[in-house]
Each structure stands twice: as C-alpha cells, then as structure tokens.
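This report describes a protein model for a computational chemist. Please consult the sequence and coordinates shown below alongside the text.

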Amino acid sequence: MSADVNNAVTDIKIEDYNYPLPDERIAKHPLPDRDHCKLLVRRRDGAIEERVFAELPGLLPEDSMLVCNNTRVINARLRFRKPGENGSPIEIFVLEPVSPADYARNFASTSGCSWACFVGNSKKWKRGALELPLTVEGLSLTLRAEREARQGNASVVRFTWDAPSVTFSSIIAAAGEIPIPPYLNRSTEASDSSDYQTVYSHIDGSVAAPTAGLHFTPAVLDAIAARGIPRRELTLHVGAGTFQPVKSDKIGDHLMHSEFIAVPLTLIRQLAADGRRVIAVGTTSVRTLESLYHAGRLVAAGRWEGEVPQWSPYDPSLPEMTAAEALSALAGYVEKQGVDTFLASTRVIIAPGYEFRVVKGMVTNFHQPQSTLLLLVSAFTGGDWRPMYDFALSRGFRFLSYGDASLLL
C-alpha cells in the first residue's frame, strides 16, 4: 500500500458496516419468475421506493447504456475419492487457470491443464494421483488429478485424461457441480445449473454468479431494447474471493482478491466518446468499468503492468484525468497492442471516499454484512446505505445471491 494513500479510506472500520441479517432472510432459491422479485429504487436525492423488477425498463433514464457481465459459472466443484474400498472423499474446487493461464486456451485443452484449486479434506491427500472414471460425450475416460505446488492458500493441481478429443471444458461440464454460495447452507441441486446463470451468460470462467443479472429475463431485455437503451457486455470472471470476509478491523489491512477482466476495445471507445449514462448490472460490472479508468491513468503515467492495484484509485501520484481522457489513453494502448480486447486483472477496492468516474447507476442485490460489496454500495450512495437496508429488512426483501434487487441512481 502506498504511503500516500488517504488514511480516511484505509482507516475505515469494517464494524461500521454491520447489520443484523437473520438466516430466514437469506433466499435459498430464486423466485419461479425471475423478474417478479422486489426492486428497491433509490433516487439521486436519496428517496427510496419499492417496485417490481419487471418494471426496471421504465425506470432507467432515457439516456442510459446498460452494461452487463457475460461471464458464465463453471461446474467448479469436482469430487474424487482416494484409491481403496473406503477411500476418503476429496473435493477439488477449481479457481483459476495456471497452465495455460488463458481461460479460453485452458478450457480448450485436450490432454492436460493446471488450475489453482481449493482442496477439501486436504490432509487426506498429500501425494499420489486421484482418479475419476467418467463418460463424456459418449466416451469413457479417466480424469487424473495430481498436486503440484502451493499458490497462496490454494494448491496447483494438474489434470490429465486419456481421451485427447475431449476438452477440459467438456470434462468439468460433465463431472463437476455448480458451486453455489456457502451461505446458502445447502447442497447443490439440479435446478441450480440454470438458476445460478444469467440468461446472457456465455463466457466460461466464474466460480460465482454475477447475481444482479439473475433477475433479467428475455422479456425485460426486450423491453429495455424497445426503449432504445443499448446493452453492452464485458467480462469479469468472479473468483471465490468474492465471498472472502474482511477479517481485519480496518480495510487498509485487507488484501483484495484479483479477478480477470476482458473488455472489448469497441466498448472502451464508446465509453470514452458517448455521453450516455452508464448503468452497470452488478458490482462486478461496476468494478470492471471503474478499473478501466484507473488502468488508463496507469497507462498515461507509464506504470501499467497488467493489473489495477488495490489502492490505485486513492493514489495521488497518478495523473488526474477526466473519464474520457483516461479511457482514450487506454483505448490507444490497446490499439497499439494490435488486439481488439483489453485483458487484465483488477484488485481495486471501492470504499467510501471513492469517486465514481464511469458508472452513474447500478443494479445490485443486497449484500452480506461487513463485506467489500457493502463498502462499494456505501461509496456509491455517499455513505447512505443503512436506510436502504433498513427499508429492505422492514419490507420483507430477500437477501444475497438469490434474493431481491435494487436500482441505485
């Protein structure tokens, strides 16, 4: 952390972002009709009202642009057993690709690949290979897993299989389970395979859903398009770190997790030139869009190294730029690379004191107490998050991933 970072941000106490959340208010399943959930609307003047999500198209400002995260949740949880009649169960939770490090290339692997993984019942698996017989695309094969090294609090696991025509993407689709959030306190069910995906998801890579998008239906998207409001897509692959609690007393001592982002050059150019009001669907889209601004500042300063650092938004040594200037600088950098997509990672933490440069509105769910996501909502509402949450609790709103939504303008 830079010594120049504003102490007003780093000294924020996470205990100030606590609230009572009874277990019965945590939605264990979504509503049968996604767009029938409650929608809390918070206006710019702080006024709060209750609506229904299906009304969202008519609530968006006419000059809006809706930006969604098109990531798709993978079947990240693999269940093995140690060899032997009573072999211990070993759960391998794949987190992010190591070799090949590129998501698309890794999923397309046809003989072997490595991932950073959490290993459940780790003490029972210290060495040797685990094997899992499978039938994938009509072919019988054996998936092998071997631990290679430690990587932080995770393990690098090498996967190999004996059917070279089968991709790793097909293997986890056949063998894995959707990794629903731990706070649901239940096992994965068949319905989660569709319930825990947005209707516009199509880029594999996340281990958790960008849950604000779960409320959208084709009918809602059609109604938004009918109003002439464009919808654009970007990608942030949500990591398990999204559930990581803030364990330090002050957020200055909290290490933010890194997440992969991919943004088309055409969208960066449009954001730089277009005067539309950007409405981000979900905190993941917010984090990506705001990271673009800070990546542009780093490019302009000659300090871009592939990742947006956690504290870069609060670093006064970086140049002060308008959103158009920073985004234009970033677009120029991408063009010079001869590619059509900006690929990076971000550790940005958005907390009270943050100045939003790109996002003017967001659709989001109701988040866990003492979480970095709640800090982001507080930052966006000028610290006025508690009246919203008191309103939602008093009106029977459902909370967290499968819960109800809010529109913050």
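The following paragraphs treat overall form, charges and two selected residues.

The model is predicted: local features require pLDDT of at least 70 and side-chain atom pairs pLDDT 80 or more, while totals for chains, interfaces and linings use all residues. Residues are numbered from 1 along each chain as its sequence is written, and side-chain values use heavy atoms, with hydrogens and water left out.

**Overall form**

The protein contains 11 helices and 18 strands; these are DSSP runs, numbered from the N terminus, with helices (H or I) of at least four residues and strands (E) of at least two. Its radius of gyration is 22 Å, which agrees with the value near 22 Å of a compact globule of 409 residues. That radius is taken over C-alpha atoms, and the globule rule is 2.2 Å times the number of residues to the power 0.38. Along the principal axes, the C-alpha atoms fill a box of roughly 65 × 50 × 45 Å.

Of the 409 residues, 54% are buried, where buried means under 20% relative accessible area, exposed over 50%, and partly exposed in between (1.4 Å probe, protein chains only). The exposed area of the protein is about 17200 Å², of which carbon and sulfur atoms supply 47%; accessible areas come from the Shrake-Rupley method with a 1.4 Å probe. Among contacts between residues at least 6 apart in sequence, 73% join residues at least 24 apart, a contact being heavy atoms within 4.5 Å.

**Charges and salt bridges**

There are 42 positive and 46 negative side chains, and the centres of the two sets lie 3 Å apart. Lys and Arg count as positive and Asp and Glu as negative, without His and the chain ends; each charge is placed at NZ of Lys, CZ of Arg, CG of Asp or CD of Glu. A salt bridge requires a side-chain nitrogen of Lys or Arg within 4 Å of a carboxyl oxygen of Asp or Glu, and the count by this rule is 23.

One of these salt bridges links Glu-177 and Arg-79, at 2.8 Å from N to O. Glu-177 belongs to the loop between helix H4 (168-175) and helix H5 (192-195) and Arg-79 to strand E5 (residues 77-81), so the pair ties together parts that are 98 residues apart in sequence. Glu-177 is partly exposed at 25% relative accessibility, and Arg-79 is likewise partly exposed, at 46%.

Two further pairs are listed here.

| Salt bridge | Closest N and O atoms |
|---|---|
| Glu-146 and Arg-144 | 4.0 Å |
| Arg-231 and Glu-233 | 3.2 Å |

In addition, salt bridges with shared partners join Arg-43, Glu-49, Arg-51 and Glu-55 into one network. As for the tabulated residues, Glu-146 is partly exposed at 32% and Arg-144 is partly exposed at 30%. Arg-231 is partly exposed at 31%, and Glu-233 is partly exposed at 23%.

**Two buried residues**

Thr-211 is located in the loop between strand E11 (203-206) and helix H6 (218-226). With a relative accessible area of 14%, Thr-211 is buried. Apart from neighbours within four places in sequence, Thr-211 is in contact with Tyr-196, Asn-365 and Ser-401.

Ser-406 is found in strand E18 (residues 405-408) and is buried at 1% relative accessibility. Beyond neighbours within four places in sequence, Ser-406 is in contact with Leu-39, Leu-40, Met-362, Val-363, Thr-364, Asn-365 and Phe-366. Asn-365 therefore appears among the contacts of Thr-211 and among those of Ser-406.
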